[in-house]
Amino acid sequence: MKNRFKTAAGLSLALFMGMSTGASAAQAPVDVDVYQVPMHFTFDGKEYAPPEGQMGFIYEGSTYVPIRFISYSLDKAVKWDADTYTVTISEPKEADKINIKEYKLNTQVYSKSNEKKLDKANLAVSKLNVYKEKISYVFDGVAKNPPEDLPGYIVDGSLYVPIRFFSESVGKTIQWDPETYTVSAVSKKAPEVKVPETPKPEPTAPAVGGGGAVGGGGPVSGGSAKPSFESIKSETEEKLRELQTKSKNDLTSLYNQYKSTQDSSLIAEALSKIAEADATFNQLMNDLSTKLTNNGYDTSIVDTYKGQYEQKKADEEAKAKADNNPN
């Protein structure tokens, strides 16, 4: 039974980690003293709150927030490379804009917050178990690094970054109200440019006769352009990378808990995470097949992705079993 638990745990962790060794697996978590207070976040006049369980915190005078929360709140696309620990921030593509819009709808605070002066007498230091990591940042193609004393922190599989450095790197002016613990970010407005009106052409009378059909068969202006095969493929691969990163972070966190507690219920939870990943993967493949078919493209790449996915699972399961049954 014990070996079975080890095998399941090993498979759970290895499934999405592949053969690479992530930095988080090599580093040991540490306890840091932080302040976790009910902060308010206002971006361009609208208030947002991080998802449940991802509260921002203050460490040594700097405010840290989840990377996706701050990126999407500032209308930026974000990519995370778990192998190089690099965050890439860029202008969102159409697919990104849909995800950002949905995320902001779910995190926006619609009831007006009562931003009263915070009673600092009730503030208390709390312990937070974190992975302290040196993070590289690329903003719109330009590499920028925060001061050495502002590392990134990985907490329960989520990356937290210093909000002031991040916001100012994407062109936002940050303000901090120490009385109400409110963080505000305002876009730098570009000067208004007036565009002269173009005179409208005089309407002309339609030609009479000639036998030409009216409105039948000509190209329709204003229609959306057909997406290319590469754009559909790239969009899917980006979602697959996001799935891989999320699964890796989730399973790493569970595996670390299992090593310290030997709680067998965590194995079932890890396998449940794998089942969720399988379901998400299958949905992505269904969506890809539909998009390719609707646009007249070959769908054989779907089978290629599925074959790679199943082969990876089989390889990692065999590896996990061999590691835990050396004889």
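Let's start inside this predicted model, with two rings: phenylalanine 139 and phenylalanine 165 are both buried. Phenylalanine 165 has a relative accessible area of 13%, which falls under the 20% cut-off and therefore makes it buried. Its two aromatic contacts make a good entry point.

A pair of aromatic rings is described by the distance of the centres and the angle of the planes. By the rule used here, the count comes to 17 aromatic pairs. One of them joins tyrosine 137 to phenylalanine 165 in an edge-to-face arrangement, with 5.1 Å from centre to centre and 65° between the planes. Tyrosine 137 belongs to strand E9 (residues 136-139) and phenylalanine 165 to helix H5 (residues 163-169), so this contact ties together parts that are 28 residues apart in sequence. Tyrosine 137 is buried too, at 1% relative accessibility. Phenylalanine 139 also pairs with phenylalanine 165 edge-to-face, here with centres 5.9 Å apart and planes at 75°. This second pair again links distant parts of the chain, strand E9 and helix H5, across 26 residues.

From here, step back along the chain to strand E12. Five of the five residues in E12 (residues 158-162) are buried, so the strand is largely enclosed by the rest of the structure. Which strands pair with E12? One is strand E11 (residues 152-155), joined to E12 in the antiparallel sense over three bridges. In that pairing, valine 155 stands opposite serine 158. E11 and E12 make a hairpin with two residues between them, and in the turn aspartate 156 has a positive phi of about 50°. Strand E5 (residues 62-66) also runs antiparallel to E12, again with three bridges, and tyrosine 64 of that pairing faces proline 162 in E12. Tyrosine 64 appears once more in a cluster linked by ring pairs, together with Phe57, Tyr59, Tyr153 and Tyr160.

Now turn to a separate piece of architecture. Four strands form an open sheet with mixed pairing, in the order E3-E2-E14-E13. Its edges are strand E3 (46-48) and strand E13 (172-177), each pairing on one side only. On average, neighbouring strands of this sheet are turned by 25° against each other, direction ignored. Within the sheet, strand E2 (residues 40-43) and strand E14 (residues 182-187) run parallel and are joined by four bridges; there, histidine 40 stands opposite threonine 182.

This sheet also leads to a charged contact. Aspartate 44 and lysine 172 meet through their side chains in a salt bridge, at 3.2 Å from N to O. Aspartate 44 sits in the loop between E2 and E3 while lysine 172 is in strand E13, so far along the chain that 128 residues separate the two. How accessible are the partners? Aspartate 44 is partly exposed at 43% relative accessibility, whereas lysine 172 is buried, with a relative accessible area of 10%.The structure holds 13 salt bridges in total. In another of them, aspartate 75 and lysine 104 bring their closest N and O atoms to 2.9 Å. Aspartate 75 lies in the loop between helix H3 (67-73) and strand E6 (77-81), and lysine 104 in helix H4 (residues 94-107), so this pair ties together parts that are 29 residues apart in sequence. Aspartate 75 is partly exposed at 38% relative accessibility, while lysine 104 is buried at 14%. A salt bridge also forms between lysine 233 and glutamate 237, with the closest N and O atoms 3.1 Å apart. Both of these residues lie in helix H6 (residues 229-261), four residues apart, about one turn of the helix. Elsewhere, Lys76, Glu91 and Asp140 are linked in a network of salt bridges.

Finally, follow the chain to helix H7 (residues 265-294). Its 30 residues reach 44 Å from first C-alpha to last, close to the 44 Å expected at 1.5 Å a residue. Among the buried residues of H7 are Leu266, Ala270, Asp278, Phe281 and Leu292. Aspartate 278 and tyrosine 309 are 31 residues apart along the chain, with 9.4 Å between their C-alpha atoms. Tyrosine 309 is placed in helix H8 (residues 300-324) and counts as buried at 11% relative accessibility. Just after H7, glycine 296 takes a positive phi of about 80°. Tyrosine 297 has lysine 226 over its face, at 4.7 Å from the ring centre.

Conventions
Residues are numbered from 1 along each chain as its sequence is written. This is a predicted model: local features need pLDDT of at least 70, side-chain atom pairs count only at pLDDT 80 or more; totals for chains, interfaces and linings use all residues. Side-chain values use heavy atoms; hydrogens and water are left out. Two strands pair if DSSP finds at least two bridges between them. Axes are lines fitted to C-alpha atoms, for helices over the stretch in contact, and angles run from 0 to 180 degrees between N-to-C directions. The expected span of a helix is 1.5 Å times one less than its number of residues. Buried means under 20% relative accessible area, exposed over 50%, partly exposed in between (1.4 Å probe, protein chains only). Rings of Phe, Tyr and Trp (its six-membered ring) pair if their centres lie within 6.5 Å; planes under 30 degrees apart count as stacked, over 60 as edge-to-face and the rest as tilted. A charge sits over a ring if NZ of Lys or CZ of Arg is within 6 Å of the ring centre and within 35 degrees of the ring normal. A salt bridge is a side-chain nitrogen of Lys or Arg within 4 Å of a carboxyl oxygen of Asp or Glu.
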